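Me: I am new to this structure and would like to be taken through it step by step. Could you show it to me before we begin?

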Amino acid sequence: MIRAYPRVPSVFPAETLVLHVSTTSPRFRVEFYRQGKTLEPVTGAHAGALEGLHFPDGPPDIDWGWPGYEFAMPKEWRTGVYLAVLVEIAADGAETRPDVTTTFGTEAKALFVLRHAGPTMPGIPLYKVSWATFVAYNGTGYGSLYTEAVWSREQPNPGFKVTWRRPGCGTGGLVMPGDSDDFYDPSSRRQTFEHWDAPFVRWLEAEGFAPHYCSDWDLHRDPALLQPYSLVLSTGHDEYWSDGMRAALETHVARGGNIAFFSGNISGYRINFTDADTAFTCAKIIPPTKDSERWTQDSWMQVNPECRLTGVATAFGGGWWDGKRQTLGYTIQHSAHWIFAGTGLKDGDEFGADEDFPLIGYEVDGAAYRRGNGRVIATGEKGTPRDFLILGIAELGEGWVASKANAAATMGLYVSPQGGIVFQGATTDWPILVPRNRHVGKITRNIVDRLRLPAVRVVGPLPARAGRMLAAVGERVSFHADSAAFAPAIELDFAWEVVGAELVEVNGPRATLQLRATADFVTISVTAMREGKPVGFGTRSFIPLTEEEALKLDMLINMREMVMSGEPSNPLVNPALDPADRMWLIFSIRIPWIRDRAERLQAAAARLMRLRGE
């Protein structure tokens, strides 16, 4: 037997990788492979035959302390996910090698990430390996963060504790008891790189995207890591996030960066790094009533709901963990949206409902939603962004484990105030389907092609309506592309695309639309071009107000302005205060203001009554 683990999850070219190894063989050697279109052997870091030593297993929560062997990483090696393959050498010189066609293996393999060194060219995505989730599910050494979890009170943040300085993280160590094989692909265990990441990495590299790679441990330690990148990719099962990881991604989106979540059960639990960032704790339970020590339950939904960033949460989705599950794909709406370009899909079509490997599962996330006028609309519950656009829904039937009666997976996206686009696939098995299903593959390419470009903030619809970018049916409105980040802007060309409305005029960075007489999805997108090449992409989707909604909004705005004619903290009307005590607020300068809003309110109410035939 031979097993190993890396001293750190990632290194740079020209740095030293330290592998900690234990073996029952007298000698061993190490081969290295990079996950590209295939698992490709690489040369230049071999150290020849090394003396082997055997050590017993340690506990799951502290560094196992095995001896380290150093390997210099060649400076010419490309960024990627690498596999160290350990070859046992018997006393008679006979060698024992594991299967080198896969990264999966319960022994003789160790996974690590090689970071990119040097400048980052625009348009290169950053692939974030969910290292923390691999660690959380690894049961090597008795416990994981599930069955046989070990509680630690001696930490600044008490909780169940695991270390990644033990074998099996990412490759497939001891599986936690009760974790069943994937019915659809038992060749590798879930919670390993091979199961979800490898299919997607093979596809990305074959399609020529050539992403850079990092681990989420890197994201935790380096807040500036994302600055050179427009697009971050989250894949498969991205469940465990530290405060640092969350803050880095929130900052990325807030400055106009993009994220594509081709994943599910995202950011379900918070983790707290400890032991010089080589281990982490997660308090999955609340303190007992009589416990003298207190802690905060590390559920992101309780601490700071994840849907504020991701748009969705497992609390509105569900899971199906064992055996053959209900065959579900996404039923789509707004099929004219650019993510569906080239798929041939129409409203009401379902994609991904593959009996051999269904898209929806094994864990899925959702946004709270309502139905109206034949459309599915996000309600914004628990902080889902107001403009989260549901483009596909899969309502979970009997057999799913869910906490809501109307649980569903919801695919969609939203745009941050600075133009950052967050796409949400909301299912763990999305990356597996990318190379298998033509619709999933085409949608993924549409997303990566556009989101890898720097974001162009699309401003509109204008003119603003009482300080809000809202428009009503039948109106003519304008949008413009904020090109301040693309200096010199004078050299840019702009290609506008509109669905759901008529594009009536384009003047460089400005576009004018004529909205239709009925309220339905409108999406406007722009590609900034320099010398014929795309250098930026932006988008905005909305549903125009109906005539009735516009009148109701006008009434509410006028009522609000009437009672807030001065300091917002001291409105004229307060339900908890007696009006007789507020008369002093009606002084002369406010009377014309109140009269004007009252006249507007009366006019809007009259129009609304005529519209409703009253």
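The questions below go from the whole chain to its pocket and cavities, and then to a single residue.

Me: How many helices and strands are there in the protein chain?

Reply: The model is a predicted one, and its secondary structure can be counted along the chain. The protein chain holds ten helices and 35 strands.

Me: Why is the protein chain said to be as compact as a globular protein of that length?

Reply: The C-alpha trace spans about 100 × 65 × 45 Å along its principal axes. For 614 residues the globule rule gives 25 Å, and the chain is as compact as a globular protein of that length because its radius of gyration is close to that value, at 28 Å.

Me: What share of the residues of the protein chain counts as buried?

Reply: The accessible surface of the chain comes to about 25,600 Å², and carbon and sulfur atoms account for 52% of that surface. A residue counts as buried when its relative accessible area is under 20%, and among the 614 residues of the chain the buried share is 57%.

Me: Which residues lie nearest the centre of the largest pocket?

Reply: The largest pocket has a volume of about 1,400 Å³, and its lining divides into 22 nonpolar, eleven polar and nine charged residues. Elements that each supply at least two residues of this lining include strand S35 (533–542) and helix H9 (547–563). Of the 42 lining residues, those nearest the centre are Arg386, Asp387, Leu470, Phe542 and Ile543.

Me: What is the volume of the largest cavity?

Reply: The count of cavities of 30 Å³ or more comes to five. The largest cavity is lined by 15 residues, with Tyr137, Asn138, Val175, Arg190 and Gln191 nearest its centre, and by class this lining has five nonpolar, seven polar and three charged residues. The volume of the largest cavity is about 110 Å³.

Me: Is Ser483 buried or exposed?

Reply: Ser483 is found in the loop between strand S30 (476–482) and strand S31 (493–499). Its relative accessible area is 16%, and the cut-off for a buried residue is under 20%, so Ser483 counts as buried.

Me: Which residues is Ser483 in contact with, leaving aside its neighbours within four places in sequence?

Reply: A contact here requires heavy atoms within 4.5 Å. Once the neighbours within four places in sequence are left aside, the residues in contact with Ser483 are Ala489, Leu492 and Phe494.

How values were computed: Residues are numbered from 1 along each chain as its sequence is written. This is a predicted model: local features need pLDDT of at least 70, side-chain atom pairs count only at pLDDT 80 or more; totals for chains, interfaces and linings use all residues. Side-chain values use heavy atoms; hydrogens and water are left out. On a 1 Å grid over the protein atoms alone, a cavity is a set of points where a 1.4 Å probe fits but cannot get out, and a pocket is an open set with protein on both sides within 12 Å along at least five of seven lines; lining residues have an atom within 4 Å of a point. Grid points are joined across faces, edges and corners, and a volume is the space filled by probe spheres set on the points. Ala, Val, Leu, Ile, Met, Phe, Trp, Tyr, Cys and Pro count as nonpolar, Asp, Glu, Lys and Arg as charged, and the others, Gly among them, as polar. Helices (H or I, at least four residues) and strands (E, at least two) are DSSP runs, numbered from the N terminus. The radius of gyration is taken over C-alpha atoms; the globule rule is 2.2 Å times the number of residues to the power 0.38. Buried means under 20% relative accessible area, exposed over 50%, partly exposed in between (1.4 Å probe, protein chains only). Accessible areas come from the Shrake-Rupley method with a 1.4 Å probe; for residues, only the protein chains shown count as cover.
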